[in-house]
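Trainee: I would like to go through this structure and ask how each label is earned.
Mentor: Go ahead, and we will set each value against its definition.

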Amino acid sequence: MKIKRVEVDYSRCARCGFCTYVNTCHSPVSCCGCLSCFWACPYSARYVVEEEGRVELVDISVNGVRTRVPNGVTVARALEYLGYAFGEPSSKKPGLTCKTGGCWSCAVIINGVIERSCVTPVRSGMRIETDVERFDPLRIVHGPEPHAVGGKATPWWEVDYVNYVEAAIWVAGCNLRCPQCQNYYVTYDNTTTPLDPTKAAKLAVECHRAYSTKGIAVSGGEPTINRRWLVEFFKEVSKRVKPGVRKHLDSNGTVLTYDYVDELVEAGCNNIGIEPKCARVETYMKITGVSDERLASQYLETSWRSIEYVYENYAGRVYLGVGLVYNPDLVSIEEICEAGERIASIDSRIQVTVLDYFPAFRRREIKRPTASEMLSVKRALESVGLKTVIVQTRYGHVGPGERNVGLLKQ
Ligand code: FES
């Protein structure tokens with residue numbers, strides 16, 4: 001059996017403290033090969049060592065049945081060894097989880113306590129139960145905070161840069177591995193105490209009331225990779241706010257199957273932002289760090305199809321926004337136009353927001369696009385027929401009708 005473990009290359013370590021305070025080791029005595037720290041280190045100072053060898057077996061029980069599994073691995077890997085799979089129920093496939101300890105969608109019950117199987121080392125004598133329905137779902141949550149700009153699907157006319165538009169929370173864990181992750185302190189947090197959906201909804205609604213926001217938003221990380229938590233969150237928010245309040249999901253769309261969209265709308269979500277990021281698979285792989293071409297292609301197409309599905313089935317009921325990204329090192333204007341044409345073929349009025357990817361996380365060598373470059377992106381998208389294009393710039397967002405163009409000072 002192949003055993004993985006992670007080692008540190010101290011010549012690359014920047015002593016940033018990320019592995020001390022944000023993404024901490026849940027198996028400090030001996031590495032169980034969860035790889036969470038490998039994915040999370042902002043300076044790529046961790047590497048994986050894989051060794052073939054005989055492993056000791058330990059006795060555990062799973063759902064009341066005594067069995068033996070390899071020692072020195074995660075609970076998730078031990079369960080996979082026994083034939084269990086982890087993933088979103090809609091996909092029936094493993095893999096659509098974070099595997100870094102933030103999303104809690106891999107939770108099982110260990111000796112009576114709910115815990116993440118992806119970062120917890122298996123131990124002799126463990127009693128594991130895989131049916132977690134009797135426990136509330138959990139997730140690491142940052143915020144809430146009032147937000148003056150909002151996300152991809154925040155209606156552009158609500159944003160005046162004076163008043164707060166949304167009470168936002170950000171959830172940890174993502175199924176992508178974007179080297180330029182723009183929110184990596186949230187995405188790779190596996191340390192903060194998780195919240196159940198009711199507690200998170202109460203806090204978000206309190207923030208919404210305190211700042212009189214028009215909406216409540218959940219972003220990430222990737223919110224959709226813990227389906228049970230997310231659906232419950234929208235149900236709990238819906239119970240507590242007036243019907244006109246926007247309940248906004250900001251998603252990469254990779255897991256948003258049709259039935260999942262239906263379930264979210266049923267739960268009260270009436271504002272969905274989906275970010276396919278680009279048009280082509282090779283670009284998507286570069287942007288997202290997904291090296292498996294088949295998986296990247298599946299993610300990208302699921303994201304685009306979810307846009308079409310929301311538009312075709314919920315126009316007038318769900319306000320839809322689409323997210324693209326721009327940085328000349330990652331995606332060309334020609335490809336941006338290709339993506340724009342695909343959106344315009346659905347409806348030219350769909351709100352499109354383009355993020356100017358700035359250097360962050362493991363891709364610190366790129367330069368943030370200038371404001372004038374972003375205005376060129378805006379013109380390019382308008383030239384393919386799109387009518388509601390917003391571009392993020394270092395000086396603020398520029399929306400339809402040159403709204404806020406005066407903010408640009410270069
Ligand atoms: S897969 Fe274990 S916490 Fe996300």
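**Labels and the values behind them**

Mentor: Start with a pair of residues: A107 has R116 of β6 as its bridge partner. Keep in mind that the model is a predicted one.

Trainee: How do you know that β5 and β6 pair, and in which sense do they run?
Mentor: Two strands pair if there are at least two bridges between them. Strand β5 (residues 107-110) and strand β6 (residues 113-116) are joined by 4 bridges and run antiparallel, so the definition is met.

Trainee: What lies between β5 and β6 in their hairpin?
Mentor: There are 2 residues between them, and N111 in the turn has a positive phi of about 50°.

Trainee: What makes β5 and β7 a pair?
Mentor: They are joined by 2 bridges and run antiparallel. The definition asks for at least two, so they count as paired. I109 has E129 of β7 as its bridge partner.

Trainee: Which pairings does β3 make?
Mentor: Strand β3 (residues 57-62) pairs with strand β4 (residues 65-70) in the antiparallel sense over 6 bridges; there, D59 is matched with R68. β3 also pairs with strand β7 (residues 127-129), in the parallel sense over 2 bridges, and V62 has I128 as its partner.

Trainee: What is the strand order of the sheet with 5 strands, and why are β4 and β6 called edges?
Mentor: The order is β4-β3-β7-β5-β6, in an open sheet with mixed pairing. β4 and β6 each have a single partner strand, so one side of each is left without a neighbour in the sheet. Neighbouring strands here are turned by 40° against each other on average, direction ignored.

Trainee: Which strands are at the edges of the sheet of 9 strands?
Mentor: That open sheet runs β8-β9-β10-β11-β12-β13-β14-β15-β16, with mixed pairing. Its edge strands are β8 (141-147) and β16 (396-398), each pairing on one side only. The twist averages 20° from one strand to the next. Inside the order, β13 and strand β14 (residues 351-356) pair in the parallel sense over 6 bridges.

Trainee: How do you know that the length of helix α9 agrees with its number of residues?
Mentor: At 1.5 Å a residue, the 22 residues of α9 (residues 293-314) should span 32 Å, and the end C-alpha atoms are 31 Å apart, which agrees.

Trainee: Which residues of α9 are buried, and what makes them one side of the helix?
Mentor: The buried residues are A296, Y299, L300, T302, S303, S306, I307 and V310. They cover an arc of only 155° around the axis, which puts them on the same side of α9. The face turned away from that side carries the exposed residues E293, R294 and E312.

Trainee: What covers the buried residues of α9?
Mentor: The cover includes α7 (258-266), β12 (271-277), α8 (281-288), β13 (319-326) and α10 (333-346). α9 lies across β12 and β13, running at about 150° to β12.

Trainee: Why is α8 called roughly perpendicular to α9?
Mentor: The two helices pack at an angle of about 100°, with their axes 9 Å apart. Angles of 65 to 115 degrees count as roughly perpendicular, which makes α8 roughly perpendicular to α9. The contact is made by V281, Y284, M285 and T288 of α8 and by E293, A296, S297 and L300 of α9.

Methods
Residues are numbered from 1 along each chain as its sequence is written. This is a predicted model: local features need pLDDT of at least 70, side-chain atom pairs count only at pLDDT 80 or more; totals for chains, interfaces and linings use all residues. The expected span of a helix is 1.5 Å times one less than its number of residues. A residue is buried if 20 or more other C-beta atoms lie within 10 Å of its own, exposed if 12 or fewer, and partly exposed in between; C-beta atoms are placed from the backbone. The arc is that of the directions from the helix axis to the C-beta atoms. Two residues are in contact if their C-beta atoms, placed from the backbone, lie within 7 Å. Axes are lines fitted to C-alpha atoms, for helices over the stretch in contact, and angles run from 0 to 180 degrees between N-to-C directions. Angles under 35 degrees count as roughly parallel, over 145 as roughly antiparallel, 65 to 115 as roughly perpendicular and the rest as oblique.
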